[in-house]
Amino acid sequence: MIIQLIISGLAIGSVYSLVALAHSLIWSGVRAVNFAQGEVFMAAAFVALTALSGAGRLPALPFGAAVLVGVVAASLIGLVIYNVAIRTTSKKGFLYALGACIGFSTLLQSSAILIWGSTGEQFPAQISMVPLRVGSIFIAPQDLFIMGISLTAMIILYFFLSKTRLGTAMRAAAQNREVAGLMGISHRLTDSLTFMVASCLAGLAGILLAPKFFVTPQMGSMISSKGFTAAVLGGFGSIPGAVLGGLLLGVLENISAGLISSSYKDAISFLIMVLIIMFKPEGLLGVKGGRKA
Amino acid sequence: MLRVQNLTKRFGGLVAVDNIDLHVREGEIRGLIGPNGSGKTTFFNLISGFDRATSGKIEFMGSDITAGSAHGLARKGIARTFQHIDLFKGMTVLENVTAAAQCHARPRFWSSLLGTPSVRKEDQALRNLAMEQLEFVGIADHADDLASSLPYGLQRIVEITRALATRPALLLLDEPAAGMNPTEKQDLVELVRRINASGVTVIIIEHDMRLVMGLAETITVLDSGSKICEGLPAEVQGNPRVIESYLGSGGVGKKQTHAYAAEPSGALDVSGASQNPAAKGQDSFILSVDSLNSYYGNVRVLKDISFKMREGEFTALIGANGAGKTTLLRTISGMMSPRSGRVLYKGEDITGLSSDRIVARNLIYVPEGRGVFPALSVQENLMMGAFRRSDKEAIKEDLEYVFGLFPRLKDRRNQKGGSLSGGEQQMLAIGRAVMSRPRLLLLDEPSMGLAPKLVDEVFETVMNLHDEGLTILLVEQNARAALSVAERGFVLEVGSLVHEGPAAQLCDDPAVKAAYLGG
Amino acid sequence: MKARHHENFITHVLPFILIGVIALVPLLTRDPYLMHILVLGGIYVILAIGMNIITGYCGQINLGMAGFFAVGAYTSALLTTRLSLSFWLALPISALVAGVAGVLVGVPALKVRGGVYLVLITTSFAGIVQVILNQWVSLTKGPMGIVGIPAPAIGNVLIYERIHWFYLTYAIVAVIVFLAIRLVGSRIGRSFVALRESETSAQSIGISPAFYKVLAFVCSAVLAGIAGSIYAHYMTTISPDAFGFNLSVLALIMIVVGGIGSIPGSIVGGVALALFPEWLRALGPYQSVAYAAGIILAVVFLPKGLLMMGVDAVQLIRKWFLAPDETSEKEVS
């Protein structure tokens, strides 16, 4: 029973990890927070769904292509959010960036309602729903699928950041923006890139989670806040921390829902957030006394 | 009245304040000096409760205040100003001072909400008190001006007034004269004397030596967190340890003489009068700076700086902390924009270009504090230097070249930049700059925080780079070391170029010492 | 001295002129729908003033206003429906309970450095309140909400008509505006602003950050609680989805649009955000998209807020028509 809870917790946790990675990448790279991340997540799910089922004269695409379309759409939205909401307000202060991002999240939600309606749609399952049986444990193939894709995405991210020139430049800019400029690394390039990569991750998370739940215009807000909790739990701005925080949050949530009561499941995330901020603000893997959030 | 015993403050591995004893008598004006990074401001932070001491004890008027909170100590009678002006910008001058005048008043929430007569009377008294302070200082005319709208010198005075309004027994002034013009400094000296005469004990951190030597009865000198000397101004000025801590020691042994180093270049334009660069044949100059003026906010840091450098030259720019050396390099390299003046690089106007565009022209700046990317490996750091280049083969060759220059970096190529020692980080920063294929290299304080042996090593490499034909502009606080390697030297004093000459001559010039320690 | 008079007018007189203008609307039209919007606007104004005290004056970003608002609304609703207390007793009690919630959020928030963590901790608080409202069914009736919240009475007159609510709301708004102006003009308000401008400097002149930050949290929570209580009795029915994250966001947008750190700005922001969606009604399905776009534009292009934009415009017009008798520019050496 408990192992089963842990495994399905890891599946949802890996999605949290992707969203947390998006938050942490943006924080460490651009010193900004995208409070519209949840809506990027939602928009990608809708776009992928539309691509999958076809719309008007556009043919229905296979699942892989639909994922690609959704992720690309997400990264473009991220690019727009950076250039309109973040860059323009960077000198005015955090409050304005926050306000502009929230404006974007409202904009994306209401656009989604306009295009796809407010009731939401079912995302067709891509994987057999018949649970696998290993010993006495039942595992949903879909959970394995989610974990597998998330893991792949994380490995690709790792290679991008550590092995490519642009990825290294992004990390360099995250560590010291000024000096990165002295290396000839343009801030606009790395900042835009960071937002696009982060939005890809958030978008992928949305598409992965879509078949598990209904796709609705409101699906993003809760996920975004879970992503924040996961990122803070692991250490805000830390890449491995985001992965760990997401998995841990998924498992903790699932276990408490399974063993105690599912009605307070969402409160767990908020409670973890408050406790971590109060007692271990640097998170599990963050650096103590590091840069202030 | 203030008794500090064995005070120590560590930040991680760094000892910022090292076992300091200090006694300040009631009614004294005490000067606190020392080169950059010697722990003066940290010392203030400890006394005023903004930092907690690692060990040691602070006694103030007979009571132990080692563990006091900043706001609690303000109420006990310790007021301070800040190195970087920190006014309440959105408030008027009067409001700024009134906020401090209410230091000893209770909040009186309900009375304030209802506006009872007693609280109104009290509020009026607070405002009057603030107004009296403004009159005492002589800035009552500006009471209704927005604090941020005032010129810089006046903002400093407002900050002092605000501190005074808490009616302190001890006033800590952190570089109050920074950014002031000579008249303002004169007024400041007079003001501090009057404050002192009204019964306030003053401790003052100041880089303007003439000012602090004239003001304080006793001077305490700190160097890398320790007290190295204490005494009358004249004693301190003559103390060899003090001179060494400011001007640096030794220098690299081998000294080359270059053909054109001995003859005056005539490129330096001390007067700042603008000249037509074309008339002087700008083509032969790799860098020519023309009446450059740079500001931080309202502070004019560079005042009509003009100079020129020829291709292949090795020039040292020296001057005390706060003279504007780093600002000059930051302006040239595009990290900040000048308010007026021009920077020509190989005849092209690069004034106001962003730093990544300037880097593309092979003008490379190695910043103060090295700027190593701590979480990138040594090799990744070096490769970032070559970010804009796409000639893979040549990059590989250059990497080997840098590893040849600094074999230690080769051994540590996979180690994280942040795990290197200070000297290794400096080598990495220079190596990274070499990877950018510089034509002109700007080096900012490469000796800072390094042991003398490492300083020699770093400077020797810089000399080798120069011997291979690189043009170098070196900025150094450690004047002796810098002048021992460079051909030509400029001396910068509070934003102006005041001397230039062949390095060997400047080395023994008493005027250089005066620029650091006052005359 | 002129500048001071001008300042004085904006902080002490303009707010009451604004309220006066709104109070005159029924002379022109008594359209119940407009009255409804304006009552909501009045409730928003109270919320915006609370938001401005903590965020605009004290500089602590608070995205948990919906939580305090909900605490006020539910306390009042429960006290009147379960214990049959009068509205006039329930109102101060719900303000008090919300104030206690303010301490509960303010104290942990002290440990937090920087805006992002403050946003996260305050949203978490509002999130926890939201979960409690939905899940503690025996107390809150869960997602169904509480119905039949009684109308308040003045003497024997029951207040249930829109126009009565209109006058009642704006009477309360006027009192709150009066007290808020006193507060922000007092030494406490000065300490709030000092903390916002520079916490270090504030400490150096004896201002305790802990005391004043918690006080600011309590003040804003109390106001949100009052707004919540009025809302509950006005709507007569409340359910958890009225107190979601969007409401906290709305409070933030109100002060950004109206004017950060300004009481008259709060009035403008509160009423504007009640009216704005109505103006866009003509756009039909595009209403909410245009609304969001408007907010983005306002945040990016109106950094001083609508109120100061208006004031600046008036000054510009005056300069055009009057001879240039005042030279406001100061010489900079």
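Q: Which residues of α6(A) are buried?
A: In this predicted model, helix α6 of chain A spans residues 165-175 and is mostly covered, with eight of its 11 residues buried. Buried here means that 20 or more other C-beta atoms lie within 10 Å of a residue's own. The residues that meet this mark are T168(A), A169(A), M170(A), R171(A), A172(A), A173(A), A174(A) and Q175(A).

Q: Which helix of chain B do the buried residues of α6(A) pack against?
A: Within chain A, these buried residues pack against α1 (2-30), α5 (141-163), α7 (177-182) and α8 (187-209). Chain B joins in as well, through α13 (378-385).

Q: Which element of chain C gives the most to the side that touches chain A?
A: The contact takes 37 residues from chain A and 33 residues from chain C. On the chain C side, α6 (115-135), α12 (245-258) and α14 (287-301) each supply at least two residues. By class, that side has 24 nonpolar, seven polar and two charged residues. With 12 residues, the one that gives the most is α6(C).

Q: Why is one side of β12 and of β15 of chain B left without a neighbour in the sheet?
A: Let's look at the strand order: the open, antiparallel sheet of four strands runs β12-β11-β14-β15 in chain B. β12 (299-310) and β15 (348-349) stand at the edges, so each has a single partner strand.

Q: Which residue of β14(B) does N293(B) stand opposite?
A: Strands β11 (285-296) and β14 (340-345) of chain B run antiparallel and are joined by five bridges. Opposite N293(B) stands S340(B).

Conventions:
Residues are numbered from 1 along each chain as its sequence is written. Chains are lettered from A and ligands numbered from 1 in the order in which they are written. This is a predicted model: local features need pLDDT of at least 70, side-chain atom pairs count only at pLDDT 80 or more; totals for chains, interfaces and linings use all residues. Two residues are in contact if their C-beta atoms, placed from the backbone, lie within 7 Å. Ala, Val, Leu, Ile, Met, Phe, Trp, Tyr, Cys and Pro count as nonpolar, Asp, Glu, Lys and Arg as charged, and the others, Gly among them, as polar. A residue is buried if 20 or more other C-beta atoms lie within 10 Å of its own, exposed if 12 or fewer, and partly exposed in between; C-beta atoms are placed from the backbone. Two strands pair if DSSP finds at least two bridges between them.
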